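Visitor: I would like to go through this structure by way of its contacts, its cavities and its unusual backbone angles. Please give each cut-off when a term comes up.

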Amino acid sequence: MTKNHVAFLFFSFAVGFVLFSMLLLFLRKRRCCSCDVCKAYVSSSWAAEFDNLCDWYAHLLRESPTGTIHIHVLGNTVTANPANVEYMLRTRFDNFPKGKPFSALLGDLLGQGIFNVDGDAWRFQRKMASLALGSVAVRSYAFGIVAGEIGRGLLPLLSSIADRGDGAVVDLQDVFRRFAFDTICKISFGLDRGYLELPMPMSEFAAAFDTASRLSARRGTATAPLIWKLKRLLNIGSERELKRTIRMINVLAEEVIRQRRKLGFASSHDLLSRFMGSVVDDDDKYIRDIVISFLLAGRDAVASGLSSFFLLLSRHQNVAKAMREEIAGVTKANGADVVSYEQLKEMHYVHAAIYESMRLFPPVQFDSKFCLEDDVLPDGTFVSRNTRVTYHPYAMGRMDSIWGPDCDEFRPGRWLRGGVFTPESLFKYPVFQAGQRVCLGKELALMEMKTVIVSVVSKFDVEVLPGGRPLKFVPGLTATINGGLPARVCRPKI
């Protein structure tokens with residue numbers, strides 16, 4: 001037997017011993033539970049009655065006297081109780097950080113971006129983003145970009161489809177994702193898509209981003225985290241695919257950074273230039289994480305919100321009619337492709353319809369924190385240290401204890417008082433989070449969605465095709481409709 005054979009056998013034995021030891025550790029620490037909820041989760045028997053995991057959670061939370069449930073096999077306490085949400089996000093904020101376990105789940109994709117960190121790193125990024133997003137100049141700059149993309153890209157595309165008159169079908173979800181990517185590139189990076197010198201079509205990068213989001217989210221649903229960690233160590237299966245897609249995403253991020261440096265950033269209004277003009281310009285990994293965070297928020301969340309809105313609007317023509325009446329009253333039929341920023345502020349019914357849509361279909365369906373020290377939630381639920389605690393905006397939008405017996409109905413009027421939009425507490429409606437982590441890009445996202453919606457609704461009828469299948473979401477960090485959103489676009493009937 002040669003020395004190479006001996007070395008190979010020794011290496012194989014060592015690897016086998018390590019894997020065996022880790023398996024024993026896993027078996028000793030694995031959470032076991034025979035309750036009905038955990039059995040249904042592990043066996044996926046919930047799928048016999050519910051099309052989506054979020055719908056099953058919503059059902060369980062409605063049935064719970066406290067609006068809180070436990071998924072023991074996940075070590076996860078899930079709540080739809082506004083008092084608990086306020087306690088986590090404001091009252092005891094320091095005891096419910098993202099936490100290292102959560103950061104590990106998304107660390108390969110999001111790195112040290114603002115959505116995945118706590119402490120000083122989070123405070124610094126939030127301060128920088130707050131200074132930028134709170135600027136009147138930046139908001140005006142962003143509105144100009146959104147209006148330009150609508151006038152030069154979105155409306156001509158939809159017009160060409162509507163004028164064909166042959167019943168052509170378009171995937172609106174895909175249209176909105178491409179539109180949101182173009183706008184976020186300009187608002188956040190100050191770059192036009194044409195500036196990017198990439199080795200493959202943008203569609204492949206978009207697919208890689210979707211796959212990375214789905215596989216990263218899948219880690220959080222695993223009853224045995226050791227399994228995905230082993231797969232990552234051995235570079236096999238889904239973890240190998242995740243690593244491949246992240247490499248592609250890194251190519252995109254690196255090109256964005258390269259072009260931003262090439263064009264300069266000292267006098268630019270875009271968000272990335274403001275970060276790069278600070279102390280982080282020489283840290284490419286850190287800037288990469290910021291780029292990915294902007295893409296996640298700017299492309300996926302906005303496109304998700306727009307897709308869900310037109311899905312609901314297609315089912316409620318009375319809402320579309322009321323919106324057109326308000327838009328016509330505000331603009332007085334001036335014929336402009338895109339309304340002004342000031343006119344948008346006058347459209348209270350449109351604003352209410354957007355909020356109502358996201359109540360039922362929030363772009364981010366749930367959000368998790370980790371409890372640092374033993375605690376007791378306001379509803380009396382004990383939470384032990386290192387426990388994952390999840391608040392569930394999707395389920396909260398379906399709680400009659402919060403919204404009344406008509407909580408399942410799409411009714412924009414619930415947000416109006418005397419015809420004026422009146423928001424509810426963010427702890428009842430944590431679509432944009434709440435407390436110290438409330439979304440800094442909230443106003444920017446609402447402006448973009450509102451501008452698109454007003455421009456499209458005033459010029460087109462959108463008919464989302466039923467397709468004969470239930471609405472299903474692709475597992476991921478944001479809500480994506482499985483199979484897209486096929487629709488017909490035509491001119492409004494006079």
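Guide: A salt bridge here is a side-chain nitrogen of Lys or Arg within 4 Å of a carboxyl oxygen of Asp or Glu. The model is predicted, so local features need pLDDT of at least 70 and side-chain atom pairs count only at pLDDT 80 or more, while totals for chains, interfaces and linings use all residues. Residues are numbered from 1 along each chain as its sequence is written, and side-chain values use heavy atoms, with hydrogens and water left out.

Visitor: How many salt bridges does the structure hold?

Guide: Each pair has to satisfy the nitrogen-to-oxygen limit of 4 Å. The total for the structure is 33.

Visitor: Which helix holds both Glu86 and Arg90?

Guide: The side chains of Glu86 and Arg90 meet in a salt bridge of 2.0 Å, N to O. Glu86 has 25% relative accessibility and therefore counts as partly exposed (buried is under 20% relative accessible area, exposed over 50%, partly exposed in between, with a 1.4 Å probe and protein chains only). Arg90 is partly exposed too, at 47%. The two are four residues apart, about one turn of the helix, and that helix (helices are DSSP runs of H or I with at least four residues, strands are E runs with at least two, numbered from the N terminus) is H4, residues 82–91.

Visitor: How many residues apart in sequence are the parts that Asp375 and Arg92 tie together?

Guide: The side chains of Asp375 and Arg92 form a salt bridge, 3.1 Å from N to O. Asp375 lies in strand S5 (residues 375–376) and Arg92 in the loop between H4 and helix H5 (99–110), so the parts tied together are separated in sequence by 283 residues.

Visitor: Is Asp375 buried or exposed?

Guide: Its partner Arg92 has 34% relative accessibility and counts as partly exposed. Asp375 has 8%, so its class is buried.

Visitor: What is the distance between the closest N and O atoms of Lys428 and Glu424?

Guide: Lys428 counts as partly exposed because its relative accessibility is 24%. Glu424 is also partly exposed, at 24%. The salt bridge between Lys428 and Glu424 has its closest N and O atoms at a distance of 3.3 Å.

Visitor: Which residues are joined into one network by salt bridges that share partners?

Guide: Here the pairs link up through shared partners. The network consists of Glu356, Arg359, Asp406, Arg411 and Arg414.

Visitor: Which element gives the largest share of the lining of the largest cavity?

Guide: On a 1 Å grid over the protein atoms alone, a cavity is a set of points where a 1.4 Å probe fits but cannot get out, and lining residues have an atom within 4 Å of a point. The structure holds five cavities of 30 Å³ or more, and the largest has a volume of about 60 Å³ (the space filled by probe spheres set on the points, which are joined across faces, edges and corners). Its lining is made of Phe181, Met202, Phe205, Ala206, Phe209, Leu252, Leu295 and Arg299. Helix H9 (202–220) and helix H13 (284–315) each give two or more residues to this lining, and the largest share, four residues, comes from H9.

Visitor: How far apart in space are Thr79 and Thr390, C-alpha to C-alpha?

Guide: Thr79 lies in strand S2, residues 76–79, and is buried because its relative accessibility is 0%. Thr79 and Thr390 are 311 residues apart in sequence, yet their C-alpha separation in space is 6.2 Å.

Visitor: What is the phi of Gln433?

Guide: Gln433 sits in the loop between S9 and H19 and counts as buried, because its relative accessibility is 18%. Gln433 is not a glycine, but its phi is positive, at about 60°.

Visitor: Where does Asn386 lie?

Guide: Asn386 also has a positive phi, about 70°, although it is not a glycine. Its place is the loop between strand S6 (382–383) and strand S7 (388–391).

Visitor: At which residue does UniProt place the feature "binding site"?

Guide: The record is an unreviewed entry; UniProt positions are given in the numbering used here, feature names are shortened, and annotations may be inferred rather than shown by experiment. The residue is in the loop between strand S9 (420–421) and helix H19 (442–457). With a relative accessible area of 35%, it is partly exposed. The feature is placed at Cys439.

Conventions:
On a 1 Å grid over the protein atoms alone, a cavity is a set of points where a 1.4 Å probe fits but cannot get out, and a pocket is an open set with protein on both sides within 12 Å along at least five of seven lines; lining residues have an atom within 4 Å of a point.
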